[in-house]
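Welcome! Here is a short tour of one model, with a few stops at its charged side chains and its strands. Have a look at it first, then read on.

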Amino acid sequence: MKIGLFTSVYFNNIGNAFIDLGAEATINEAKPADAEIVKVSQCANFAATMGRTFLFKENPIINWLWVRVMQKFAKKLHDRSYKSVKTMDVFSVANIAKFDYFIIPGCVLTVPFFKIYGELLRNKVKQGCKLIFLAASGNHYTDYEVNYVSEFLKELKPYAIMTRDSVAYKHYAKFSENTYNGIDNVFFVNRLDIPKCETTVSPYIVLNFDEPKHNGIKELLAKKFADKNIIYTNHKPFPYANVSKLVKKGIMVSDYPLDYLLLYKNVTETHSDRVHACIPTLSFGNKAQLYSDSPRSALFENVGITDIKDHPVKVEGLKEMQDKQICFLKRILI
C-alpha cells in the first residue's frame, strides 16, 4: 500500500510544516504494517500559480497597504480575489506518483486550495486514488467559500473527511461516507522525537507576534515579563531580506521547523497571535495564550479549550483524543 502525504509550502508560514509533521506522525501510527508513506510537495503548483501574487506582496509599499489596510477587509476580499488567479498546469511529482490513498492535511477546505490544486485532485481521483482530508478546515467560512468548496467536494467524492473544528464538520461531513470531527494535526507533534533540552536561557517565555496590529500587546507583554528570559520568534522564514532584518534584531527565524519545535517543547509559556505557535506548545504539555480573532481559533474547542484568549492554559486528555483519531484513520486505511 502506498499512502501519499500532500505536504504544504513553508516559506510564508512555518506552521504548515508543523501540520505536515503532525500528520505524518498520525499516519505512521495508523497505517498497516505493509504500507509506505510517500511525501510529495504542493510547491510546484503553488509557485506557478501564486508567483506573481507573492512578487506583489513582497513589494514594500504593497505589503504595507495589505497589512495595515486591506487585511481589515480580508474576509470579504480574500477569496473573491482568487477569481483572477490562473491555475497553471505544471510538472508535479504529486501528480504523476501512483497512490492508494492521498492524504491532504490542514487548512485546505478553502477557495485558494481548490483553485490551485483542484485539477491535480481530479487527476488523483481519475487514477483511482482515495482522497482523505486529514484534520482539515476552512478559512473564513463565508457563504462564498462554503459554496465553492462544497461544489468541489461533491465532484471529488472524497473517501474520508476528517476535520479539526466543528464548523468544517457541520458544512462538509455530508460529502463523504467516512467522517470524523477531530483535532488539529499539530496536536500530534509531541509524538515526534523532540528532546527535552535545557538551554542557556532556561526557563524562558516565547513571544510570537507576526501581525503589526499586535505590536502594542507584544510591548505590554515584554514589560510584564521584563524579569524573565524572553525569546521572540517569527513564523515567516522568507523572503531573506526580511529575515535578515529580523535576526539582526534578535528574533528567531528559521526554515527548519524543528528549531521552533525544540523551543516550544522546552518553553514555560508561549504568547502568540498565531494558532500554530500555541498548539505545539500545548502538545508538549506547556502553557499558551492566543491573541487573535481568527476563525481558526475554533479548533481549540475540539480539545476542550475555550479560554485560551483569556489566560495561559494547558490541554487535558490529549493522548485519549489522539488515540481516537488514530484509531479512526487506522480503521479506514484498509
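## A salt bridge within helix 13

The side chains of Lys319 and Asp323 meet in a salt bridge, with N and O 2.8 Å apart. Both residues belong to helix 13, which spans residues 318-332. They sit four residues apart, about one turn of the helix. Please keep in mind as you look around that this is a predicted model.

How open to the surroundings are these two side chains? Lys319 has a relative accessible area of 52% and is exposed. Asp323 is partly exposed, at 26%.

## A link across the sequence

Next, turn to Arg191 and Glu29, whose side chains also form a salt bridge, 2.7 Å from N to O. Arg191 is found in the loop between strand 6 and strand 7 (204-208), while Glu29 is part of helix 1 (residues 15-30), so this pair ties together parts that lie 162 residues apart in sequence.

Are Arg191 and Glu29 buried, exposed or partly exposed? Arg191 counts as partly exposed, with 25% relative accessibility. Glu29 is partly exposed as well, with a relative accessible area of 38%.

The two pairs you have now met belong together: Glu29, Arg191, Lys319 and Asp323 are linked in a network of salt bridges. In total, the structure holds 11 salt bridges.

## A buried pair

Which residue forms a salt bridge with Asp184? The partner is Arg164, and the closest N and O atoms are 2.6 Å apart. Asp184 lies in the loop between strand 6 and strand 7, and Arg164 in the loop between strand 5 and helix 8, so their contact ties together parts 20 residues apart in sequence.

Here both residues are buried, Asp184 and Arg164 alike. For each of them, that means a relative accessible area under 20%.

## Strands 5 and 6

The loops around Asp184 and Arg164 lead us to the strands themselves. Strand 5 (residues 160-163) and strand 6 (residues 178-181) run parallel and are joined by four bridges. Looking for one place to start? Find Ile161, whose bridge partner in strand 6 is Thr179.

How does the chain get from strand 5 to strand 6? The path goes through helix 8 (residues 166-172), making a β-α-β crossover that is right-handed. As you follow the strands, it may help to know that in a regular strand the side chains alternate between the two faces of the sheet.

Technical notes. Residues are numbered from 1 along each chain as its sequence is written. This is a predicted model: local features need pLDDT of at least 70, side-chain atom pairs count only at pLDDT 80 or more; totals for chains, interfaces and linings use all residues. Side-chain values use heavy atoms; hydrogens and water are left out. Two strands pair if DSSP finds at least two bridges between them. Helices (H or I, at least four residues) and strands (E, at least two) are DSSP runs, numbered from the N terminus. A crossover is right-handed if, with the strands pointing away from the viewer, the path from the first strand over the helix to the second runs clockwise. A salt bridge is a side-chain nitrogen of Lys or Arg within 4 Å of a carboxyl oxygen of Asp or Glu. Buried means under 20% relative accessible area, exposed over 50%, partly exposed in between (1.4 Å probe, protein chains only).
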